[in-house]
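Work through the exercises below with the model open. Try each task before reading its solution.

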Amino acid sequence: MVSLVYRLCRGEVVRDASKTIKGLITCYLNMAPRIDNDDSVYGYFQVFISCSAPAVLVMLYVSPYAGNKDCADSSVRYFLSRCRNTLSKALHGQCVPVVLEFCNLLRRVGCLDPLYLHCQSTLGSLLETAGGLVSIQDIFPFVCEIANSLLRDLDLSMESPTAAGPLSKDVGDFTAFLIPLRTGIREQQALKDSMAQDKRHKDLLFAERVNIFIVCTLSY
């Protein structure tokens with residue numbers, strides 16, 4: 001698939017390119033491990049990132065040659081749809097790193113780009129239903145973007161009676177991202193508390209040893 005996309009980016013005409021790319025995506029996802037073994041499934045989807053598949057599809061999306069943007073748009077949407085609707089929910093969390101990669105790449109195209117917004121919404125949906133290997137730093141930019149969009153739409157609705165106001169989709173996406181964000185914050189706080197308790201325990205042991213040393217020294 002990567003070599004085919006490179007040909008398209010060079011301006012070559014490839015017959016049924018979109019159909020071929022979608023067929024390769026289907027084959028790839030059909031071969032995904034069906035058992036949610038974290039190591040094997042995670043490694044399988046990491047191959048997709050490692051071979052630069054998301055990067056070349058985004059490169060095709062911004063390609064100046066006729067038809068390339070539409071081909072990339074439909075291919076990325078097809079991949080996201082297959083991940084969400086064909087794979088079992090148990091594997092949705094393992095798709096998150098790939099979708100996050102698409103989001104990070106497409107953010108450079110523009111935060112209001114339709115394909116970026118679609119990837120963002122898909123990422124939120126996957127995180128809401130299955131979780132995933134993401135950090136607070138990964139999630140926070142999306143929360144800020146959606147919050148700003150909600151506030152902007154709310155301000156417009158207050159200024160103009162004809163304005164639609166915040167979209168229910170944006171509200172749903174905001175809620176979806178808040179769930180893993182809250183979970184991440186709680187886990188981070190629990191880790192800090194655990195480290196603090198461990199440090200206090202070590203300090204008490206050290207103080208006890210010092211005290212024993214002093215007592216022994218004075219007794220001697």
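**Exercise 1. Place Ser52, then judge its phi and its exposure.**

Step 1. Ser52 sits in the loop between helix H3 (38-50) and helix H4 (53-61). Helices here are DSSP runs of H or I with at least four residues, strands are runs of E with at least two, and both are numbered from the N terminus. This is a predicted model: local features need pLDDT of at least 70, side-chain atom pairs count only at pLDDT 80 or more, and totals for chains, interfaces and linings use all residues. Residues are numbered from 1 along each chain as its sequence is written, and side-chain values use heavy atoms, with hydrogens and water left out.

Step 2. The phi of Ser52 is near 70°, a positive value in a residue other than glycine. Most residues other than glycine have a negative phi.

Step 3. Ser52 has a relative accessible area of 29%, so it is partly exposed. The cut-offs: buried is under 20% relative accessible area, exposed is over 50%, and partly exposed is in between (1.4 Å probe, protein chains only).

**Exercise 2. Do the same for Asp16.**

Step 1. Asp16 belongs to the loop between helix H1 (2-9) and helix H2 (17-30).

Step 2. Its phi is positive, about 55°, although Asp16 is not a glycine.

Step 3. The relative accessible area of Asp16 is 48%, so this residue is partly exposed.

**Exercise 3. Describe the surroundings of Ala53.**

Step 1. Ala53 is in helix H4. Its relative accessible area is 1%, so Ala53 is buried.

Step 2. List the contacts (heavy atoms within 4.5 Å). Leaving aside neighbours within four places in sequence, Ala53 is in contact with Met1, Val2 and Phe48.

Step 3. Check a C-alpha distance. Ala53 and Val5 are 48 residues apart in sequence, and their C-alpha atoms are 9.0 Å apart.

**Exercise 4. Which side chain forms a polar contact with that of Thr26?**

Step 1. Thr26 lies in helix H2. With a relative accessible area of 16%, Thr26 is buried.

Step 2. Not counting residues up to four places away in sequence, Thr26 touches Tyr78 and Arg82.

Step 3. The side chains of Thr26 and Tyr78 are joined by a polar contact of 2.5 Å. Such a contact is a pair of N or O atoms within 3.5 Å; within protein, one must be able to donate a hydrogen and the other to accept it, and residues adjacent in sequence count only if both atoms are side-chain atoms.

**Exercise 5. Why does the length of helix H8 agree with its residue count?**

Step 1. The expected span is 1.5 Å times one less than the number of residues.

Step 2. H8 (residues 136-159) has 24 residues, so it should span 34 Å. Its end C-alpha atoms are 34 Å apart, which agrees.

Step 3. The buried residues of H8 include Ile139, Val143, Ser149 and Asp153.

**Exercise 6. Characterise the packing of H7 on H8.**

Step 1. Tyr116, Gln120 and Leu123 in H7 meet Phe142, Glu145 and Ile146 in H8.

Step 2. By class, this contact has 4 nonpolar, 1 polar and 1 charged residues. Ala, Val, Leu, Ile, Met, Phe, Trp, Tyr, Cys and Pro count as nonpolar, Asp, Glu, Lys and Arg as charged, and the others, Gly among them, as polar.

**Exercise 7. Summarise the chain.**

Step 1. The chain has 9 helices and 0 strands.

Step 2. Of its 220 residues, 36% count as buried.
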